[in-house]
Amino acid sequence: NPSRSPLLGGPLGYLDYGPSDNDRRHVSSTVINWQVRGPRTGFMERVLGGWSIAPILTVQSGTPYTVVQGSSGDRDLDGSTLGDRPDVGNKNAPFTSRGQYVSAATCISGIQDLSNSTCTTADRVRYILQTSYSPNSGRIEGRNTNYTTRYLRLDTNLLKKVTIHENVALELRGEFFNVTNNQNFDTPSQNRDLTANGNSTNYLNTSLLDGGSRTFRLGAKILF
């Protein structure tokens, strides 16, 4: 079938073999429920007794993502520019270095640096924007070959029970999310797009995303 994308089958089918979008190589979740010892009777029991704390610590490795070309061209001939990937110049070049193929009249090397419009070479950039299908232009970026940084979050519940009567109790609860105020930057969205961000300082800048913040909520209920 001549209309089938060469990236979805045939000799280049291996390029679509990669980790799942939800792949987390390492996941750790630690839960503690501590009933704080305190007085059992009298007025001090109402003040110092009935406390409990339940922290939850979650640590995970990052999630995979793919650098894409955006709307520059349907280089895999599947009828869509969605998910089309650039060439890899030098995988050991700086992570955010990128260029694009141009005519020899523009750059004798055939590659122009997207960040500053100077001429460059394939060994000096990580990714190269390719606007048309050309299997011999270079090594095409694989699927989900990049990972975000680790994910760390500490949540906790703080609970206080006060006995009002033999069959009636008051429960006060505080729920604290992201206690350490740690920011977790997940998969980049628009800033992994070479067309939209290739000449921008925002390219692959994950810190532009909302990494989360510390929040809490308080509640109370009557148990009977």
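In the predicted model, Trp34 has Ile53 of β3 as its bridge partner. This contact belongs to the antiparallel pairing of strand β2 (residues 34-35) with β3, which runs over two bridges. Strand β3 spans residues 51-60 and also pairs with strand β1 (residues 27-31), in the antiparallel sense and over five bridges. Within that pairing, Thr30 is matched with Leu57 of β3. A further antiparallel pairing, over ten bridges, joins β3 to strand β12 (residues 151-165). Here Ala54 of β3 has Asn157 in β12 as its bridge partner. Strand β3 is thus seen in pairings with β1, with β2 and with β12.

A second set of pairings involves strand β6 (residues 98-101). Strand β6 pairs with strand β9 (residues 127-129) in the parallel sense, over three bridges. The pairing of β6 with strand β7 (residues 111-113) is antiparallel and also comprises three bridges. Gln100 takes part in both pairings: Leu129 stands opposite Gln100 in β9, and Gln112 is the bridge partner of Gln100 in β7.

One disulfide is present in the structure. Cys107 and Cys119 form this link, with 2.1 Å between their sulfur atoms. The angle about the S-S bond is -85°, and the link of Cys107 and Cys119 is left-handed. Cys107 is located in the loop between β6 and β7, whereas Cys119 belongs to strand β8 (residues 119-120), so the disulfide ties together parts that are twelve residues apart in sequence. A disulfide is a covalent bond between the sulfur atoms of two cysteines. The two cysteines were also examined for accessibility. Cys107 is classed as buried because its relative accessibility is 1%, below the cut-off of 20%. Cys119 has a relative accessible area of 44% and is partly exposed, because this class lies between the 20% and 50% limits.

Confidence was evaluated for the chain and for its elements. The protein chain has an average pLDDT of 83, and 86% of the residues score at least 70. Confidence is highest in β8, at a mean of 96, and lowest in helix α1 (residues 42-48), at a mean of 73. Strand β8, the element with the highest confidence, is also the strand in which Cys119 of the disulfide lies.

Notes: Residues numbered from 1 in each chain as written. Predicted model: local features only at pLDDT ≥ 70, side-chain atom pairs only at ≥ 80, totals over all residues. Heavy atoms only, no water. Pairing = 2+ DSSP bridges. Helix = DSSP H or I, 4+ residues; strand = E, 2+ residues; numbered from the N terminus. Disulfide = S-S within 2.5 Å. Buried < 20%, exposed > 50% of the residue type's maximum accessible area, 1.4 Å probe, protein only. pLDDT = per-residue confidence, 0-100.
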